[in-house]
Amino acid sequence: LAALLQTMGQLVEACQLHEKVANASEGLLGVAHPDTLLAMDLAGTALRQCSRLTEAEGFAKRTLQGARATFGPSHPTTLNFLSNSAMLLQAMGKHREAEPMFRVTLETRESLFGPHHPDTV
């Protein structure tokens, strides 16, 4: 429902629902569970769209930390979360913090998949 609301442009309600799902998942499954990490990433992305950047940053940091611990730093899921975190930092005007994150994402994807893979390009 939250993703549908987001697509329909009902961002306030979508953000509230994404936050609710992420917090409930964390309480039930723990922060290291893949479903929780995905819910937290979706909440952070939605909050970024709602211009609630400070709150989005909290979700992004916890998501990335959890993904690194759960999957490892070079796992494709971790790289997706790293890229999302970098996009958030870019939106916040924190370009110096975002740049190394984008570079690590690109370099790791190139080494994993090659330079012409869709996830790399």
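**Exercise 1. Determine which residues Thr105 contacts beyond its neighbours within four places in sequence, and whether Thr105 is buried or exposed.**

*Solution.* Step 1. With neighbours within four places in sequence set aside, Thr105 is in contact with Leu79, Leu82 and Ser83. The model examined here is a predicted one.

Step 2. Thr105 itself is located in helix H6, which covers residues 95-113.

Step 3. The relative accessible area of Thr105 is 4%. Buried means under 20%, so Thr105 is buried.

Step 4. The side chain of Thr105 also reaches the backbone oxygen of Met101, at 2.8 Å.

**Exercise 2. Classify Asn80 by its relative accessible area, and state how far its C-alpha atom lies from that of Thr45.**

*Solution.* Step 1. Asn80 belongs to helix H5, residues 76-91.

Step 2. Its relative accessible area is 39%. Buried requires a value under 20% and exposed a value over 50%; Asn80 is therefore partly exposed.

Step 3. Along the chain, Asn80 and Thr45 are 35 residues apart, and their C-alpha atoms are separated by 12 Å.

**Exercise 3. Identify the cysteines that form the disulfide, and describe their link.**

*Solution.* Step 1. The structure holds one disulfide. Its partners are Cys15 and Cys50, with sulfur atoms 2.2 Å apart. This distance satisfies the cut-off of 2.5 Å for a disulfide.

Step 2. The angle about the S-S bond is 105°, and the link of Cys15 and Cys50 is right-handed.

Step 3. The pair connects distant parts of the chain: Cys15 is in helix H2, whereas Cys50 is in the loop between H3 and H4, 35 residues away.

Step 4. Cys15 has a relative accessible area of 1%. This value falls under the 20% limit, so Cys15 is buried.

**Exercise 4. Describe the largest nonpolar core and state which helix gives the most to it.**

*Solution.* Step 1. The largest nonpolar core has 12 residues, among them Cys15, Ala43, Cys50, Phe59 and Leu88. Both cysteines of the disulfide thus appear in this core.

Step 2. At least two residues of the core come from each of helix H2 (11-29), helix H3 (34-49) and helix H4 (53-71). H3 gives the most, with five residues.

Step 3. Ala43 illustrates the packing. Apart from neighbours within four places in sequence, Ala43 is in contact with His18, Glu19, Ala22 and Phe59.

Step 4. There is also a second, separate core of 10 residues, including Leu64, Ala67, Leu82 and Ala98. In soluble globular proteins, nonpolar side chains tend to be buried together.

Notes. Residues numbered from 1 in each chain as written. Predicted model: local features only at pLDDT ≥ 70, side-chain atom pairs only at ≥ 80, totals over all residues. Heavy atoms only, no water. Core = buried A, V, L, I, M, F, W, Y, C linked by side-chain atoms within 4.5 Å. Buried < 20%, exposed > 50% of the residue type's maximum accessible area, 1.4 Å probe, protein only. Helix = DSSP H or I, 4+ residues; strand = E, 2+ residues; numbered from the N terminus. Contact = heavy atoms within 4.5 Å. Polar contact = N/O pair within 3.5 Å; in protein donor to acceptor, adjacent residues only side chain to side chain.
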